[in-house]
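Me: Please take a close look at one part of this model, the largest pocket. Then set it against the packing elsewhere in the chain.

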Amino acid sequence: MTISPVASNYCAVPLAGYAIRPDMTRGRLVSEPDSQYRTPFQRDRDRIIHSNAFRRLKYKTQVFVHHEGDDHYRTRLTHTLEVVQIARTLARALLVNEDLSEAIALGHDLGHAPFGHVGGDALNDVMKPYGGFEHNDQSLRVVTHLEERYPEWRGLNLSWEVLEGLAKHNGPKKGRLAFHLNQYNDLLDLRLQDYASAEAQIVDFADDIAYCNHDVEDGLRSKLFTLQQLENEVDLYADILPRIRADYPHLTEGMQIKEAVRDIIGLMVDDLIQSTRANLARLNIETAEDVRKCGQPSVIMSSDVFAKMRQLRQFLTQHMYFHQAVRDMCDEGGAIIKKLFTTFMRNPSLLPDQGQTLAKGADEAVFARYVADYIAGMTDRFATKEYQNLFDAGS
């Protein structure tokens, strides 16, 4: 049997004219020969999956620190996989490039510091004199600079379209740019004023759909709020829970919430697909360049469902993200990060060999960025262990 190489424009399903075909890629910073069997975006996906940063997501906080008593809480890794699953569904239904959406989704959270958003805020506080820290910017830094897997270049040498999607997470970039993006965009112009591809816009919505629904399950599991509160304060649950009880009168609360989350994700996905199709037709979007230059998002939800998703996020912010128990847990993580940063800056001998060498010759800002990179790459448990080794031994 003869096996034919994969054509450069191969995709699993036919693509719409506004999709990014593999043969349309703007290429990589360092040119490479094409793969015989994988498209450029499939190679990008594989490079991200095999990276050190991706593996470390297993022990990085989504909401609850990894050791907080329940193996079923989401981590940054499980959240990422849930985003990938939703993004692929949306991409296929909208006839855009699944592989590109998957690669962007896999890489979108690589830059998160330990202990979730509080950890990132703590790093930003200590890095303000040196250009600040922002987790989306750090994701780009990870794949373009920090990963060391190839002898010919730093980073993963990903395709322009994947880097664009990571750089424009949550929309075009205007005004003052974050630290690494400001540097890297001079090397590879990512057209920051334009909208990202439809594939990248899909990932942004998949991220929102995944976290605001699955955090509901974790919040209920941790007893930060009740099913009754959800039904009283969130329209999505007020609409769906009575129907579930009518259809399944003997269902436990645990199964009710699983059914509700599944139905709500389905509702949001269906709404986004139908609303985006109508929006693409209204805007007369025919090409990938039309998506970038139309001056507004091409991928949208209806105003009604988007408002209900925003209401759900507000509920989670009030009852979960800013719950005192969660804040105490995360504040402890933030304090750990600040103490580690201060200690490493004062005592470079505690760092790996590369950091010790850098401390001798680099200026303070360069050294501080190394320390921030080192801490941002830590898992929750590694950061906690480092802190205990440095400060708890004599207590």
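Reply: What follows starts with the pocket, then turns to the cores and two single residues.

The model is predicted. Its largest pocket has a volume of about 710 Å³. The lining holds 30 residues. Leu146, Arg154, Tyr370, Asp373 and Tyr374 are the ones nearest the centre of the pocket.

Which elements build the lining of the largest pocket with two or more residues? They are α2 (52-56), α6 (135-146), α8 (179-184), α16 (353-361) and α17 (364-376). Helix α17 supplies the largest share, six residues. By class, the lining of this pocket divides into 13 nonpolar, nine polar and eight charged residues.

Now the nonpolar packing. The largest nonpolar core counts 85 residues. Seven of its members touch the most others: Leu190, Val216, Leu230, Tyr237, Ile257, Met268 and Leu312. Helix α9 (residues 198-221) gives this core its largest share, 11 residues. A further core lies apart from it and has 24 residues. Phe115, Phe133, Ile336 and Phe367 are among the members of that other core.

Take Leu230 as a way into the largest core. Residues up to four places away in sequence are not counted here. Leu230 then touches Val216, Leu220, Phe225, Tyr237, Ile257, Leu312 and Phe315. Among these partners are Val216, Tyr237, Ile257 and Leu312, which are also listed with the residues that touch the most other core members.

Next, a polar side chain. Gln256 sits in helix α12 (residues 253-282). Is Gln256 buried or exposed? Its relative accessibility is 8%, so Gln256 counts as buried. The cut-off for buried is under 20%. With neighbours within four places in sequence left aside, the contacts of Gln256 are Leu227, Leu241, Ile244, Arg245 and Leu251.

Leu15 makes a useful second case. This residue belongs to the segment before α1 (40-49). Leu15 has a relative accessibility of 25% and therefore counts as partly exposed. That class lies between under 20%, for buried, and over 50%, for exposed. Leu15 is in contact with Ile20, Arg21, Leu95, Val96 and Asn97, again leaving aside neighbours within four places in sequence. As for distance, Leu15 and Asp271 are 256 residues apart along the chain. Their C-alpha atoms are separated by 21 Å.

Back to the pocket, in brief. Helix α17 gives the largest share of its lining, and Tyr370, Asp373 and Tyr374 are among the residues nearest its centre.

Conventions: Residues numbered from 1 in each chain as written. Predicted model: local features only at pLDDT ≥ 70, side-chain atom pairs only at ≥ 80, totals over all residues. Heavy atoms only, no water. Core = buried A, V, L, I, M, F, W, Y, C linked by side-chain atoms within 4.5 Å. Buried < 20%, exposed > 50% of the residue type's maximum accessible area, 1.4 Å probe, protein only. Helix = DSSP H or I, 4+ residues; strand = E, 2+ residues; numbered from the N terminus. Contact = heavy atoms within 4.5 Å. 1 Å grid on protein atoms, 1.4 Å probe; cavity = no way out; pocket = protein on both sides within 12 Å on 5 of 7 lines; lining within 4 Å. Points joined across faces, edges and corners; volume = space filled by probe spheres on them. Nonpolar A, V, L, I, M, F, W, Y, C, P; charged D, E, K, R; others polar.
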